[in-house]
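I opened my notebook to look up a few things in this structure. Short entries follow.

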Amino acid sequence: MPMVQITIDPEKCDGCGICVGVCHKGQRIFKIEKVGNKNVCLVQDTSYCYGCTTCVSKCPKKAINLVRTDKKIRRILTQSHRATLPFVSPCLGVREQ
Ligand code: SF4
Ligand code: SF4
């Protein structure tokens, strides 16, 4: 398993749950909770994440940042970064540069 850090911007997230649904381990990694007067997605355990970046690409609010911490050069995978990359594999994440 790759080591990852996942952060979710609570200002952008509306708690839609898409990230939970598209991830094979979504129920273990994420949880939707009411915070204040809105639902937001919280990260509860990243140890199940294998870094596929599907949740990042499927989040309609572009709220998820995923950082691989097992690489010598850290990669910050946001949708804005992904849009500028020539190729992103849904299985392998961002290719080596
Ligand atoms: S898909 Fe994005 S907006 Fe929806 S719950 Fe997950 S992080 Fe929040
Ligand atoms: S990167 Fe892949 S395995 Fe990790 S939380 Fe997102 S969808 Fe799940």
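Two strands count as paired if DSSP finds at least two bridges between them. I needed that before looking at partners. The model is a predicted one.

**Entry: strand pairing**

I looked up how β1 and β4 run relative to each other, parallel or antiparallel. They are antiparallel, and five bridges join them. I then picked out T7. Its bridge partner in β4 is N65.

**Entry: overall layout**

I counted elements next. The protein chain has four helices and seven strands. In sequence order they read β-α-α-β-β-α-β-β-α-β-β. The chain has 97 residues, and 21% of them count as buried. I also checked contacts between residues at least 6 apart in sequence. Of these, 54% join residues at least 24 apart.

**Entry: the two faces of β1**

Which residues of β1 point to the buried face? I found V4, I6 and I8 there. Q5 and T7 point to the other face and are not buried. So the side chains alternate along this strand, and a general tendency comes to mind. In soluble globular proteins, nonpolar side chains tend to be buried together.

**Entry: the nonpolar core**

I looked up the largest nonpolar core. It has 15 residues. C19, C59 and I64 have the most contacts inside it. Three elements, β1 (4-8), α3 (54-58) and β4 (64-68), each supply at least two of its residues. β1 gives the most, with three.

I followed I64 further. I left aside its neighbours within four places in sequence. That leaves contacts with I6, I8, C19, C55, V56 and C59.

**Entry: ligand 1**

How many residues surround ligand 1? I read off 13. The closest are C13, C16, C19, C41 and C59. By type, the shell has nine nonpolar, two polar and two charged residues. I noticed two names from the core entry here: C19 and C59 are listed among the core residues with the most contacts.

**Entry: ligand 2**

I listed the surroundings of ligand 2. They are V22, C23, K25, I29, C49, Y50, G51, C52, T53, T54, C55 and L66. Eight are nonpolar, three are polar and one is charged. C55 was already in my notes, as a contact of I64.

**Entry: C49**

C49 belongs to the shell of ligand 2, so I asked where it sits and why it counts as buried. C49 lies in the loop between β3 and α3. It counts as buried because it has 25 C-beta neighbours inside 10 Å, and the cut-off is 20 or more.

I then checked its contacts, again without neighbours within four places in sequence. They are V4, I6, K25 and I29. K25 is 24 residues away in sequence, yet the C-alpha atoms of C49 and K25 are 7.2 Å apart.

**Entry: two positive phi values**

I first noted the usual case. Most residues other than glycine have a negative phi. Then I looked up two residues that have a positive one.

T53 has a phi near 75° and is not a glycine. It is in the loop between β3 (38-43) and α3. Because it has 25 C-beta neighbours inside 10 Å, T53 counts as buried.

K62 has a positive phi of about 55°, and it is not a glycine either. K62 is placed in the loop between α3 and β4. Is K62 buried or partly exposed? It counts as partly exposed, because it has 16 C-beta neighbours inside 10 Å.

Technical notes
Residues are numbered from 1 along each chain as its sequence is written. Chains are lettered from A and ligands numbered from 1 in the order in which they are written. This is a predicted model: local features need pLDDT of at least 70, side-chain atom pairs count only at pLDDT 80 or more; totals for chains, interfaces and linings use all residues. A residue is near a molecule or strand if its C-beta atom, placed from the backbone, lies within 6 Å of it. Ala, Val, Leu, Ile, Met, Phe, Trp, Tyr, Cys and Pro count as nonpolar, Asp, Glu, Lys and Arg as charged, and the others, Gly among them, as polar. A nonpolar core is a set of buried Ala, Val, Leu, Ile, Met, Phe, Trp, Tyr and Cys residues joined through C-beta atoms within 7 Å. A residue is buried if 20 or more other C-beta atoms lie within 10 Å of its own, exposed if 12 or fewer, and partly exposed in between; C-beta atoms are placed from the backbone. Two residues are in contact if their C-beta atoms, placed from the backbone, lie within 7 Å.
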